[in-house]
Amino acid sequence: MAPAAAATMAVTASGEIVLLAVLLGAAAGDVLAAAAALAALVAVAVRWGSTSLDAVAGAQAVLGPGLVAGSAAAAASTWGAAGALLLACPGGWSALAFGATAGLVVAGPAPGGAPDLAVRVAGALVGVGLAALAGRRLPRRPAAAAAAVLAVASLALAAVAR
Amino acid sequence: MTEPAAARQRRRERKVAAPEADETGNRPHPPPEPRRRRQPAHRHRPAEAPRPRPKAARRRAEAVVAAAQAPAGALASLWPVAGAVVTLAWVAITVGGGGPSPVSTTAQGAAAAAGTAALVTAGWGPRRVGDAVAGALALVVLPMAAAAAAGSGHTGLLAAVLTVAALAAAAVVGRAAWIESDRGAAPAEIGGWVRRPVSEAAAAGAAGGCVLLLAALLSERAAVLRWALPADSGVDQVLAVLGALVVTATAALGARRVWGLVPSALVVSVAAAAGARPTPVAVAGGVAAVAAAAFLPRRPALSLALLALAAAAGHAPVAALLASAAALALAVDDPAGALLAVPGAAALAAAVVPAGRSGTGVLLMAATALAGLVLAARNGDRSLPRTVPAAAAAPALVLAGWLVLVPGTWAWTRATGLVAYDRGAAVAAASGALVAVLAMVAPRAERTPAAIPDPPPADEPAAVSAPAATPARRRKARRPAPADEPVPDEPGPVVVVVDTTDPERGQWRRRPPPRGVR
C-alpha cells in the first residue's frame, strides 16, 4: 500500500513532504534507505522553502524545472536529492514511488499547459525507469549507503543555496 | 546455677531426648517436627477481643462485597458503548469550540477531555461490578478534571483526582506488601474482594507520578494563591515534567488503568515546560526522546511525550499535536502508534522550513527524525507479535485515525500549514485502500490450483528443483534423477513440501523427513 500511496502523491503533487517521506520509508523497508529518502525530501523542502508538494510544483512552473532553476548550488542540491531517491529504491513496485518522486523533484512543474505537462510526464517516466534499473542492478546496502551520503550532501547544498 | 553448670544441664537434657544409637554407633536422626504453617493475620486475632459489629451492619457489608465481586456481565459489554457516548459528547463540545458543558471549558479543554474519556474506555475494561462502578466514576470525573485544567487552567478538580488516584495506588501497593509479609505468598496468587486494578510496580509508579504532579500543583497554588497550571517556578516545572513522565512511562509499560491520567499529566507538563527556555528544553527533550525510542521501542508513547515536552517551549501547536499522539499511542498499543507523530512532525516542518534558520526548530526536527528512525530500526522485526486492539479501544482508535488523516481539522491545536498534509493524506488513503482491495482479490487468482505445481510422484526420491510450474519444468521434474545428483544425508524418503514462507512461492524444496515418517 505504501508504494501506491507515495506514487499517487508524487504523481499528483498533492500532499506534504514529511508524509511522503514516511510513505517512501515504509516502501523502502530499510532504515538507511528511509533515512536517505527523508533527508532528500527535506533538502527539497529547504531548497524551495516549503514542505507542500503543491508549492514545489508551483514554484517549478514559475521558475523552471528544478534541475536548472536557481543557483548552481540549488540545482546541484536538486540533482543530489533525485539521485539519492533513485539509489534508495529497493526495486519492484516501489520503483513507481521513488521514480515518480525523483521526477517530481527534478522536473515536476505544475501542469499549466502542454509543455509543463510533457516535462512532468517525461520526468516521471524517466524517474521510474531509472529507479527500476537501480533497484534491479545495484546491491542494496551499498546503494542505500550511497543514497544517504548523497542526500546529506544535497541537504547541505540546499542550506547553502538558501 | 552458674553458667557452665546451666550449659551442662542443657546438654544432659538433649542427650536424654536423643534416640538411642544402634550397634554401629550411628544415631538415627530425630523425626522432623511438623512445620507450622503461618496463619493469616485474621486467624491470629485473639478470641477474647472480637470486633464488635452488629449483625445487620455486617450482613450489609457482606452484601456490598458480594455485589462488588459479582461478574460485570452485561455491564462489561455496555462499557465500550458508554465510553463511546461520553467520548462523542466531548468531541461534539470540541468541534463546537467549547460551548456549554458540565465545566466551563474551551475547545482545547474539551479535546483533552475527549482523549481522557477515550483512554479511560480503552484502559479500564471492567470485569466485576465494583470495577464497573469505579470505571463509570472515572469516565465522568477524569474528563471533567482534564477539561477544567486544559481549558480554563483551573486545577482544583485535577488535584483532587490526583489525590484519590495516589491514595488508591498506594493502597494497592500497601495491601500487596501486607499480604506478602503476612502469608509469605506471592501477591498475584491471592484473591480478595478488593481487586488489584494494576500490578504493584505499576501502582507504585502511578502513585509516585501522581504525588509529583500534585506537589507541582500545590506548589503553584501556594505561589499564586489559586489553582493554576505550573508555569513560573523552576521547581514546579521540574516536578510537573517528572510527574508526567513517570505517569506516562507507567502507562506505556502496561498499566492500562493509568491511561486515563496521561492526558491530564501531559496538559500539566506541557504547560510547565512552555515556561522554560526553548533551547535547553529542546535539547534535553530531544535526547531523552531518542533514548526512549532506543530503549523502549515497542512503547512509543513515552518517546512521543518527550518530543511534545521538547517542543512545548517554542512550538506550542506542535507540542499539542505530539502530546495528543503520545496519549492516543497508548490505546493503539503497538509500535505502529509511532505513526501518530507524523502530523506533529509535518506541522513542525511546515513551521520551521519557510522561516529559514531556526536553531530550536532544526534541533527539534533532527530529534524527531532520529527518534522515528530509531523506532523504525528497532521495530523492524516483523515476526514480533502484533497486538489486536479490543473493542473498548475503538473510540481512541477513531480519534487516532482522525489525527493521522485530517489533523488540519484539529483547530484547537492552532497548528498551521496542515492543509497540504490533509490533501495528501486523503490521496494516500484512497490509493492505499484501492491497492489493499486489489491485493485482497489478486492472490485468490494466483492461488488457484492451476497456478500451483503438482507434487511429484511419491516414488521419485530426488524430485524437483523447479522454480515455476511451466510444462517444460514439469517434464524435467518427472525425469529420473541423474546419477551424479547429490544424495540427501538423511536416510529414508525425501519429503517434498511447498515452502510458502519463501518469497518465490511455489518452489519445490526438498526437506528431510519429519520424525516418524517412513
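Two helices count as roughly parallel when the angle between their axes is under 35 degrees. Keep that cut-off in mind for the first stop on this tour of a predicted model.

**A helix pair in chain B**

Take helix α5 (residues 107–124) of chain B and helix α13 (residues 316–332) of chain B: their axes come within 9 Å and cross at roughly 20 degrees. That angle falls under the cut-off, so α5(B) and α13(B) are roughly parallel to each other. Their crossing is left-handed. On the α5(B) side, the contact uses Gly115(B), Ala118(B), Leu119(B) and Ala122(B), while α13(B) brings in Ser324(B), Ala327(B), Leu328(B), Leu330(B) and Ala331(B). Sorted by type, the residues of this contact come out as 7 nonpolar, 2 polar and no charged.

**A helix pair in chain A**

Now hop over to chain A, where helix α2 (residues 17–28) and helix α6 (residues 94–107) have axes that come within 10 Å and cross at roughly 145 degrees. The crossing of α2(A) and α6(A) is left-handed. Here α2(A) offers Leu20(A), Leu24(A), Ala27(A) and Ala28(A), and α6(A) answers with Ser94(A), Ala97(A), Phe98(A) and Thr101(A). The split for the contact of α2(A) with α6(A) is 6 nonpolar, 2 polar and no charged.

**Chain B as a whole**

Stepping back, chain B has 18 helices and 2 strands. Of its 518 residues, 41% are buried. If you look at contacts in chain B between residues at least 6 apart in sequence, 71% of them join residues at least 24 apart.

**Where the chains meet**

Chain B puts 24 residues in contact with 29 residues of chain A. On the chain B side, the elements giving two or more residues are α14 (342–352), α15 (359–378) and α17 (419–446). The largest share, 11 residues, comes from α17(B). By type, this side of chain B has 18 nonpolar, 5 polar and 1 charged.

**The nonpolar core**

The largest nonpolar core has 218 residues, and those with the most contacts inside it are Ala36(A), Ala37(A), Ala88(A), Ala308(B), Leu322(B) and Leu328(B). Helix α3 (residues 31–48) of chain A gives the most to this core, with 15 residues. As for Ala308(B), once you skip its neighbours within four places in sequence, its contacts are Leu266(B), Val270(B), Ala319(B), Leu322(B), Ala323(B) and Ala326(B).

**Three residues to look up**

Most residues other than glycine have a negative phi. Leu225(B) goes the other way, with a positive phi of about 60 degrees, and so does Asp333(B), whose phi is near 55 degrees. You'll find Leu225(B) in the loop between α8 (200–224) and α9 (234–252) of chain B, and Asp333(B) in the loop between α13 and α14 of chain B. A third one worth finding is Arg162(A), in the segment after α8 (140–161) of chain A.

How buried or exposed are they?

| Residue | Other C-beta atoms within 10 Å | Burial |
|---|---|---|
| Leu225(B) | 8 | exposed |
| Arg162(A) | 16 | partly exposed |
| Asp333(B) | 25 | buried |

Leaving out neighbours within four places in sequence, Arg162(A) is in contact with Val46(A) and Gly356(B). The C-alpha atoms of Arg162(A) and Leu87(A), which sit 75 residues apart along the chain, are separated by 25 Å.

Note on methods:
Residues are numbered from 1 along each chain as its sequence is written. Chains are lettered from A and ligands numbered from 1 in the order in which they are written. This is a predicted model: local features need pLDDT of at least 70, side-chain atom pairs count only at pLDDT 80 or more; totals for chains, interfaces and linings use all residues. Axes are lines fitted to C-alpha atoms, for helices over the stretch in contact, and angles run from 0 to 180 degrees between N-to-C directions. Helices (H or I, at least four residues) and strands (E, at least two) are DSSP runs, numbered from the N terminus. Angles under 35 degrees count as roughly parallel, over 145 as roughly antiparallel, 65 to 115 as roughly perpendicular and the rest as oblique. A crossing is left-handed if the near helix is turned anticlockwise from the far one by less than a right angle, and right-handed if clockwise. Two residues are in contact if their C-beta atoms, placed from the backbone, lie within 7 Å. Ala, Val, Leu, Ile, Met, Phe, Trp, Tyr, Cys and Pro count as nonpolar, Asp, Glu, Lys and Arg as charged, and the others, Gly among them, as polar. A residue is buried if 20 or more other C-beta atoms lie within 10 Å of its own, exposed if 12 or fewer, and partly exposed in between; C-beta atoms are placed from the backbone. A nonpolar core is a set of buried Ala, Val, Leu, Ile, Met, Phe, Trp, Tyr and Cys residues joined through C-beta atoms within 7 Å.
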